[in-house]
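Please open the structure in your viewer and keep the selection tool at hand. The tour proceeds by successive selections.

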Amino acid sequence: MELLLQTIINGILAAGIYALVASGLALAVGVVGIVNFAHGEFTMIGAFIAYLLFVSTGLDPFLSLGLAALVLFMVGAITYLGLIRPVLAAPELNQMLLTFGLSVALQNIALLVFGADTRVVSTSYQGATLALGGLSFGVPPLLAFALSVVILGALYGFLDRTRLGLAVRAVAQNRLAPGLLGIETQRVYLLAFGLSAALAGVAGVMLSVMLYASPTVGFAYTLKAFAIIVMAGLGNLRGVVPAAITLAMAEALVSTYVPGGGGWVEAVFFLVIFVTLTWRSWRAA
Amino acid sequence: MILVGLLLLVALVLPGLPLGEWRAFLLDTAQFAFLISALALAWDLLARTGQLSLAHGAFFGLGAYAAALTAPALGTLPALLVGGVVAGASSLFLGLATLRLHGMYFAIATLAFSEVMRTLVLKAPFTGGAIGLPVQPAFGGAFPLGGYYLAVGVLALAAGTSLLVSRSRLHYAMAATRQGEAVARVLGVPVVRVKLLAFMISAFLAGLAGGVYAMKTLFLSPYDAFGLGRAVEALVIPIFGGLYTTTGPLLGGLIIVSLETWLRLRIGEGYLVVYGVILVLTILFLPKGLVSLFRRKGVGHA
Amino acid sequence: MLSVQGLSKRFGGVHAANAVNLRVEAGEILAVIGPNGAGKSTLLNLLSGLLRPDEGRIEFLGETITQAPPEVRAWKGLGRAFQIVQPFPEMTVWENLLVGALYGKPNTPARVAERVVEEVIELTGLTPKAQTLAGELTLLEDKRLELARALCTRPKLLLLDEVMAGLRPSEALEAVELVRRIRNSGVTVLFIEHLMPVVRALADRVVVMDYGQVIAEGPYDLVASNPKVREAYLGRAS
């Protein structure tokens, strides 16, 4: 019973980061209409920013969140202006391939610069846990989870309450033919893509503490985020959180209860993507 | 057509040329380039039906493992055939499951399929798992150039199939399926059959290439044989060379693999960066690929 | 030739087709009209097999084809031109037509298919455009291509979905003439149309749909004066 409870708690804590990454991707998909294969690489960049700041200045990763968000917003904006906007009118597949190329390039540039090693940001509280009635909570996951909740709350608040947020949602619900893009829409695209990258970057910072920074750390998150937004229904931002919890919980349960679970977690998760996609396609017909 | 024949001819006589001290390295690189080009040609055949697959690394890997595991019992050529058939059979399953998926959904589903396959090979009791699988050379090492000529053979088969399809009625069915599936069906094109057929031919060729690759590297690991890198190569080469053509993947394969090999020597890990950069640049500046430079108007078949 | 009994299709709670009964006689030109959202395009999608009905039966030339996939219906002689023209943009006009000619009937030899294309391209006046990429045609040419491609499948019954929409009056007149010629060559025609003058000029018989149901049928003049039809159109015009 305790094991089950602990597993569920681990699942929920992991869901925070998943929801962050996936909300970012959902913004890009919903607003700009692009599945950004390089989304996870933005996460990877965020992780490396936290790592580099930590080793060079000793800055606590949770304090570098703001800076990482800002840098990634810029990276996202530059990516949008330089790469995405020129192909907005091109066939959807070209856009997908472009971001796929960007993902491969970023991953391997990181490999060239940093090597394949995993780098952990070892803060003083990294191994710290809080015990509560037989259950234990890792401090970093708890912090990351709390921050994720705050950031997601702010994101939804922004989308619901502000004029700009309203514009973003309007564009998401009523995507125009790319040829008809007005200046306003262009600005919303830019904002959404920048925000999307910033969310990925923030998640990356958290990963650097909870997991590690490495060139390939992000790619799995692209796919997890994709699985989540497919489960939620494309462009449905609200569904992201429950879907993230479902996926994280499933992973936690598999790794705890399936013998030799570690290696199977990935397979189970890809199986979930595969089955969700194909099952939906057949049901929709 | 002429270019394709010429390239194959050069491939045939290459070992007889005075290559000097670089001979072994050159032939090894050429063999690798032929296999990857064959993989790219196979990928392109499926792409002609509008299905951009990220599963070709898995077909390649399945072919490699199947051939490696059966070669001691069956001999080289039958084992290669088994590799192709295993890959083809798996593609039938994948093709049926993904029949109604398009664009990015299809791509992601095929990627997920590859990862599941990789895990299965990693966990299966007879594949050597994470440690890897030693492989016998082609024909038990009886002919030093055996593996090389097998690679030439696979490349010739892939190029021949590609040319043949371009000139057959299947060309129109595939192009119609790609450019408007619903309309194609209403016009009488048996779209399901066309897609599955393309899947099986494509995966069979990829599996063959994988088998020869196994007998070339003499050692397989799931990370190498099923790596995303293979899938990336299979996809970037045709796009760079020119989609839906025979010359495109062939030319693209030789150029990119040469570049890749050079980069591997210089920088080791991270060489795949060239694929990422080339893919981005091609989409931005040369969306119809290399072959469009040689043709006045990009009408879709050659 | 074609007989439809109790055909129904729901999307969510909406009855896009509600117990539709319909007969098409060999050799006639039948018009299906009705206000926007009356279920005309759904009916055509059900007939050509792009949608499967929830209930009902479709018989074509004495065979039940309710569950047959679109390509099988094409092989049996059911041709269709779409309202929103969907040419294969990377193929030339000639190649577009060749797809229909090669696959419209199973195992058509290439030589036969090419002869079919030659005939149809002549009939539809597309000969000068044969080598043009379909993506580069004007709207009128696109419409012709749409029609020509359906003809290349050698249909016995041709389903036309608003092929005149967007044409200028003079162009529509040309198209009317073309449809007549097609009928005279032995093809039965079922068409959906918004332009009443076209319906009047072409149709031997008119079927009126509203809310997924057939609310009237008969010759044009009779149908046009039917109070139910007037209500369906006028009631929602405002």
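The stops below cover one chain and then its interface with a neighbour in this predicted model.

**Stop 1: chain C as a whole.** Select chain C and display it as a cartoon; nine helices and ten strands are present. The radius of gyration is 18 Å, close to the 18 Å that the globule rule gives for 238 residues, so chain C is as compact as a globular protein of that length. Along the principal axes, its C-alpha atoms occupy a box of roughly 50 × 40 × 35 Å. Buried residues account for 56% of the 238 residues of chain C. Of the contacts in this chain with a separation of 6 or more, 66% join residues 24 or more positions apart.

**Stop 2: the interface with chain B.** Add chain B to the selection: 27 residues of chain C are in contact with 24 residues of chain B. The two chains bury about 2300 Å² between them, with 65% of it on carbon and sulfur atoms. Now highlight Phe88(C), Glu90(C) and Tyr103(C), which lose the most area to chain B and together provide 28% of what the chain C side buries.

**Stop 3: polar features across the interface.** Two salt bridges are counted between chain C and chain B. Select Glu71(C) and Arg185(B), whose side chains form a salt bridge at 3.0 Å, N to O. The interface also holds seven residue pairs in polar contact, both residues at pLDDT 80 or more.

**Stop 4: the elements facing chain B.** Colour helix H2 (70-76), helix H3 (93-103) and helix H5 (139-152) of chain C; these elements each give two or more residues to the side that touches chain B. H3(C) gives the most, with six residues. Coloured by residue class, that side of chain C divides into 16 nonpolar, five polar and six charged residues.

Technical notes. Residues numbered from 1 in each chain as written. Chains lettered and ligands numbered in written order. Predicted model: local features only at pLDDT ≥ 70, side-chain atom pairs only at ≥ 80, totals over all residues. Heavy atoms only, no water. Contact = heavy atoms within 4.5 Å. Buried area = accessible area lost by both parts, 1.4 Å probe. Salt bridge = Lys/Arg side-chain N within 4 Å of Asp/Glu carboxyl O. Polar contact = N/O pair within 3.5 Å; in protein donor to acceptor, adjacent residues only side chain to side chain. Helix = DSSP H or I, 4+ residues; strand = E, 2+ residues; numbered from the N terminus. Nonpolar A, V, L, I, M, F, W, Y, C, P; charged D, E, K, R; others polar. Rg over C-alpha atoms; globule rule 2.2 N^0.38 Å. Buried < 20%, exposed > 50% of the residue type's maximum accessible area, 1.4 Å probe, protein only.
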